[in-house]
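Thank you all for coming. I would like to take a few minutes to walk through one structure, and I will ask you to keep it in view while I talk.

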Amino acid sequence: RPPPPRPPLLHHRCRTHAMKRVRRLLLVLVVGAVLLGVAAALLVPPAASSAVARGTRHAFGVGSSLGGVKASIGPRTTGLGFADFALSSPEGFDEPLLTIGSFGLGVGTRSILGGTKDVDELVIEDVVLTLEQRGTANNLVPVLQHLRANGASGEGPSEPSDSATADSDEA
């Protein structure tokens, strides 16, 4: 009995052409990933700086400054960090209310699109809270009052806790 017929072998040119297509596809994917990383590194920092400035003004009622923002996208971790953050004191006070030397957050890249985020790294360094007293006024009470007013407007907790009320009344 003769052996069953063998399937025809791919011609050498067809295999070479298929390999070229695979290489091109891989090259396109690698170049696309690099371009995405570069775009994120160039576009995210200005957007983050602007969001921090608007967010702190809205939340605390005072301005802020930010020395720099760094963003990175990696296969395992996507990071965002900033350096030299300063939350200004209300008018009439000289020193910033709060300064943070550096802040970094690394989140699992795969978890970004999901509901739960996997925080791989959280670093906060050189935190300084400066309380200034001028007569009967200090630089913290106006910020706490602004936070309380925002909470009452439906943008946060509806009412401050009893301990927060007692602490701010003493300040």
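**Phe-103, the sheet and a pocket**

Let me begin with a single residue, Phe-103, which is partly exposed, with a relative accessible area of 24%. That value is above the 20% under which a residue counts as buried and does not reach the 50% over which a residue counts as exposed, so "partly exposed" is the class that applies to Phe-103. I should say at once that this is a predicted model, and that the values I quote are computed from it.

What does Phe-103 stand opposite? Its counterpart is Phe-82, which faces Phe-103 of strand 3. In general, a pair of aromatic rings is described by the distance of the centres and the angle of the planes. A search of the whole structure finds two aromatic pairs, and one of them is formed by Phe-82 and Phe-103, which are stacked, with 5.1 Å from centre to centre and 20 degrees between the planes. This pair links distant parts of the chain, since Phe-82 lies in strand 2 and Phe-103 in strand 3, 21 residues apart. Ring pairs also bring in Phe-85, and together Phe-82, Phe-85 and Phe-103 make up a cluster.

Now to the sheet that holds these strands. Strands of a sheet pair through backbone hydrogen bonds, either parallel or antiparallel. Here, four strands form an open sheet in the order 1-2-3-4, with antiparallel pairing. Strand 1 and strand 4 are the edge strands, each of them pairing on one side only, and the twist from one strand to the next averages 5 degrees. Ten bridges connect strand 2 and strand 3, while nine bridges join strand 3 to strand 4. On that second border, Gly-106 has Glu-121 in strand 4 as its bridge partner, and Val-107 has Val-119, also in strand 4.

Gly-106 and Glu-121 take us to my last topic, because both are among the residues that line the second largest pocket. This pocket has a volume of about 160 Å³, and the elements that give two or more residues to its lining are strand 1, strand 2, strand 3 and strand 4.

Which strand gives the most to this lining? Strand 2 does, with four residues. By class, the lining has four nonpolar, six polar and two charged residues, and its members include Lys-70, Thr-77, Leu-105 and Val-123.

How values were computed:
Residues are numbered from 1 along each chain as its sequence is written. This is a predicted model: local features need pLDDT of at least 70, side-chain atom pairs count only at pLDDT 80 or more; totals for chains, interfaces and linings use all residues. Side-chain values use heavy atoms; hydrogens and water are left out. On a 1 Å grid over the protein atoms alone, a cavity is a set of points where a 1.4 Å probe fits but cannot get out, and a pocket is an open set with protein on both sides within 12 Å along at least five of seven lines; lining residues have an atom within 4 Å of a point. Grid points are joined across faces, edges and corners, and a volume is the space filled by probe spheres set on the points. Ala, Val, Leu, Ile, Met, Phe, Trp, Tyr, Cys and Pro count as nonpolar, Asp, Glu, Lys and Arg as charged, and the others, Gly among them, as polar. Two strands pair if DSSP finds at least two bridges between them. Axes are lines fitted to C-alpha atoms, for helices over the stretch in contact, and angles run from 0 to 180 degrees between N-to-C directions. Rings of Phe, Tyr and Trp (its six-membered ring) pair if their centres lie within 6.5 Å; planes under 30 degrees apart count as stacked, over 60 as edge-to-face and the rest as tilted. Buried means under 20% relative accessible area, exposed over 50%, partly exposed in between (1.4 Å probe, protein chains only).
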